[in-house]
Amino acid sequence: MKELSKIALAIQPSTTLAIDSMFKQMKAEGQDVVGFGAGEPDFPTPDYIKEAGIEAIRNNDTKYTPSVGTVEVRKAVCQRLKEDCGIEYQPAEIAVSNGAKTCVYASLRALVNPGDEVILPAPYWVSYIELIQMVGGVPVVVNASEAEHFKITPEKLSAAITPKTKCMILNNPSNPTGMMYDRQELEAIAKVCVEKDIYVISDEIYYRLAYDGREFTSLAAISPEIKERTLIVNGVSKSYAMTGWRIGYVAAPAPIAKVIGNYLGHCTGNPCTISQKASAVALSASQESVDQMKAAFEERRNYMVERMNQIEGVSCIKPEGAFYVMMNISKLVGKELFGHVIKDADDFGNLFLKYGKVAVVPGTGFGAPDFVRWSYATSMENIKEGLDRLEKFLKGEAV
């Protein structure tokens, strides 16, 4: 038999999905495990949104729609972007698809030719590097340290740009770090991108989850010059606890949105019609439920950060958005626990799951081998139990 695609064979499995799958398997086996792996709100989808989906089924709204989504849902996206971010888009500049991940992939497909370089700040979401390679692009990783609050500087960005650079991916607020670029930092990055004439795929899926009264700024709101080079990726998964509904969107200049729509028309068809109906309501109705979830996340973050920094051997900086904490384990590297020497975050994660019965995501898949990611999109009870187990684990006590 002939060999399979070299591109497909080179794709690595998702670290976050692998950890979550292992956690769920252990849970199903009756083991007492606590999970901090999945980037998924633990809240149910608000009832008024669920009712909109049920009503769509009752009304027989179950047929094909345009590949880029209904006019109704695209208008709702435009309304939300204007109200929340102060940026004007028309429905022709919006492409809706099956989750934000598909939207990142379709955006890369629209921009990147084989051999084009794509700048990727690290730590990065695990799927970005694979998605770049899946379209034949060349990832150019630009590292940002914890001391830099995991944010790249305009100088680092400029130094990474070559004649082969086509675009960069900016995730703000960030998964996995939870850090957020403020307006001044974005202005400096936008200036470089405009001067060097590169596109930016700005993944803003966590934009509603900014804490301590911080105001989120969308990259596209900085100037008309950067807006025409920006593809905003967003969706309903994180803000409205609608992960399984699979609705994301791209907001981009009309010619780019059209190319994305052409691509989606052949590879995915339209996103789920029922989910589109529910998403239109989520985006256009009262945003009170979002604010309630955000308040709960902020409370959990505060507890996790304070408690984690009291535990000897580990530390973290306080994230500004999303629902993740990056725990620094560099002091544990080279030390022995349960008869094993910890070489990196993978070793830590495997040992912590086996002996501490806690699932966290190793930072190796994020380009941060001295860190592990905790998600606080889980109950305060689980957070307290997980940190109790961390203390015991680091003392060599198994659960």
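A pocket, for this notebook, is an open set of grid points with protein on both sides within 12 Å along at least five of seven lines. I should jot down right away that I'm working with a predicted model.

**Entry 1: the pocket.** I looked up the largest pocket, and its volume comes out at about 540 Å³. Which residues sit closest to its centre? I found G39, K101, W125, K238 and R246, out of 25 that line this pocket. Then I checked which elements give two or more residues to the lining: they are α2 (15-28), α5 and α6 (126-134). Helix α2 gives the most, with four residues. I also sorted the lining by type and got nine nonpolar, eight polar and eight charged residues.

**Entry 2: the cores.** Next I turned to the largest nonpolar core, which has 73 residues. Which members touch the most others? They are L108, F348, W374 and L390. Helix α5 (residues 100-111) gives the most to this core, seven residues in total. So far α5 has shown up in my notes on the pocket lining and on this core. Apart from the largest core I found another one, of 29 residues, including V73, A76, Y89 and Y207.

**Entry 3: a sheet.** Last, I traced an open sheet of three strands, in the order β9-β14-β13, with antiparallel pairing. Which strands are at the edges? Those are β9 (324-328) and β13 (361-362), as each pairs on one side only. I zoomed in on β13 and β14 (residues 371-375), and two bridges join them. Across from P362 I found V372, which is in β14. Reminder to self: strands of a sheet pair through backbone hydrogen bonds, either parallel or antiparallel.

Key
Residues numbered from 1 in each chain as written. Predicted model: local features only at pLDDT ≥ 70, side-chain atom pairs only at ≥ 80, totals over all residues. Heavy atoms only, no water. Core = buried A, V, L, I, M, F, W, Y, C linked by side-chain atoms within 4.5 Å. Buried < 20%, exposed > 50% of the residue type's maximum accessible area, 1.4 Å probe, protein only. 1 Å grid on protein atoms, 1.4 Å probe; cavity = no way out; pocket = protein on both sides within 12 Å on 5 of 7 lines; lining within 4 Å. Points joined across faces, edges and corners; volume = space filled by probe spheres on them. Nonpolar A, V, L, I, M, F, W, Y, C, P; charged D, E, K, R; others polar. Pairing = 2+ DSSP bridges.
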